[in-house]
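I opened this notebook to record what I looked up in one structure. The entries follow the order in which I consulted it.

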Amino acid sequence: MRNSYDAIIIGARCAGSPTAMLLARKGYRVLVVDRATFPSDTVSTHVMHQLGVAALARRGMLDRLAATGCPPIHTYAFDFGPFTIEGSPGTKEGPVAYCPRRTVLDKLLIDAAAEAGAEVREGFSVDEILFDVGPVVGIKGRSKNGGMITEHARLVIGTDGRHSRVAEAVHADQYNERPPLLAPYYTYWSDLPMHGRFETYIRPQRGFAAAATHDGLTITVGGWPYAEFDRNKKDVEGNFLKLFDLAPEFAERIRGAKRVAPFAGTPVTNFFRKPYGPGWALVGDAGYNKDPITAQGISDAFRDAELCTAAVDQAFTGVRSFDDAMGEYQRVRDGHVRPMYEFTCQLATLAPPPVETQQLFGAIHGNQAAMDAFVQMNAGTISPAEFFSPPNVARIMAEAQTAAGG
């Protein structure tokens, strides 16, 4: 059987196009397919934290995003009611964050993959993952107006989201699973300026956030515990608008704004999947998915694209065996994201934090260095394991006591 491609990538959004681009830049023959055509929208929290911004910069694409008029975000603010923790999440590599519309970002990514030499087929639906006894060897699918097409490759990579056809076909092992925890929704508003701020409002059993995106619009995303999903879905608009009443100052600001889009969103399950096997690999939400409350999906997809590409290159060049290289990809991925996964799943319950955590948040308030570290932890540039480590917590509490004259 002759392989037409080194890699076929199913899904061309935040995980697929970067993977295709990086492999093509290494000289591999890559086919990337997607049933959508671009530009097109998809359900997303939009926020691209600093690690995602740094990844775009490494690929020479950050200027392209900035040129689209997407407003930069320099401040994160977490309003807990009695007080607000506000700081800068920026790093040297990613001084600001962005909140791009997916109609814009995904088009930039797929164009970059094509420029790198990947073959791109939009409007192509995959009907079947092909096997040769054991390994995956290709795909069978069709364009919207064409007949059935079969393509073969050394590796088929699923970047097709949490309902991945590749993951389903290979029966990828799933582990560390959590059920849906949050019922999230979002919409867009005009005439709601954010002035470079990403604002999050946390209340018991409720939460919402707002950030500026393309075209002079602002996205608001919010929700309630999954236990209320069935009851509240009968009136998403009414229940969503009630969220703003929990933050009177924001409610006053949004009264002068105009909602310009319907509500979108869906609860998601939380899981890890084994991201490789004979002839196949998974990247992005196909291999690891968590609640969108921490908005880590875009940055995670960019990171996994780099990790998977490096592992595939090692396997293809014979530096390491496929299992060794891809096993390292899985270990590094899991080690990096597990603390944020646990933090996200806890946050998504919208349960009031324990008393000791509330005391910590009170100690952080007013300590600018600690507030910057807190927002950097939420942005993913500092691990929750590091931020909530006993030595760091003790230091913050001691600094608060000193500041209070204790």
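I treated two strands as paired if DSSP finds at least two bridges between them. The model is predicted, and I kept that in mind throughout.

Entry 1, a strand pair. I looked up strand 3 (residues 75-79) and found that it pairs with strand 4 in the antiparallel sense over 4 bridges. I noted Glu86 in strand 4 as the bridge partner of Ala77. The two strands, 3 and 4, form a hairpin with 4 residues between them. In that turn, I recorded a positive phi of about 100° for Gly81.

Entry 2, the faces of strand 4. I followed the side chains along residues 84-87 and saw that they alternate. Ile85 and Gly87 are buried and point to one face, whereas Thr84 and Glu86 point to the other and are not buried.

Entry 3, a helix pair. I found helix 1 (residues 16-25) packed against helix 9 at an angle of about 35°, the axes being 9 Å apart. Their crossing is right-handed. Helix 1 contributes Pro18, Thr19, Leu22 and Leu23 to the contact, and helix 9 contributes Phe302, Ala305, Glu306, Thr309 and Val312. I classed these residues as 6 nonpolar, 2 polar and 1 charged.

Entry 4, the cores. The largest nonpolar core has 48 residues, and those touching the most other members are Leu23, Met48, Leu56, Ile157, Phe302 and Met326. Helix 9 (residues 297-317) supplies the largest share of this core, 8 residues. I also noted a second, separate core of 34 residues, with Ala97, Tyr186, Met340 and Ile396 among them.

Entry 5, one core residue. Beyond its neighbours within four places in sequence, Ile157 is in contact with residues including Ile9, Leu23 and Val283.

Terms used
Residues are numbered from 1 along each chain as its sequence is written. This is a predicted model: local features need pLDDT of at least 70, side-chain atom pairs count only at pLDDT 80 or more; totals for chains, interfaces and linings use all residues. Side-chain values use heavy atoms; hydrogens and water are left out. A nonpolar core is a set of buried Ala, Val, Leu, Ile, Met, Phe, Trp, Tyr and Cys residues joined through side-chain atoms within 4.5 Å. Buried means under 20% relative accessible area, exposed over 50%, partly exposed in between (1.4 Å probe, protein chains only). Contact means heavy atoms within 4.5 Å. Axes are lines fitted to C-alpha atoms, for helices over the stretch in contact, and angles run from 0 to 180 degrees between N-to-C directions. A crossing is left-handed if the near helix is turned anticlockwise from the far one by less than a right angle, and right-handed if clockwise. Ala, Val, Leu, Ile, Met, Phe, Trp, Tyr, Cys and Pro count as nonpolar, Asp, Glu, Lys and Arg as charged, and the others, Gly among them, as polar.
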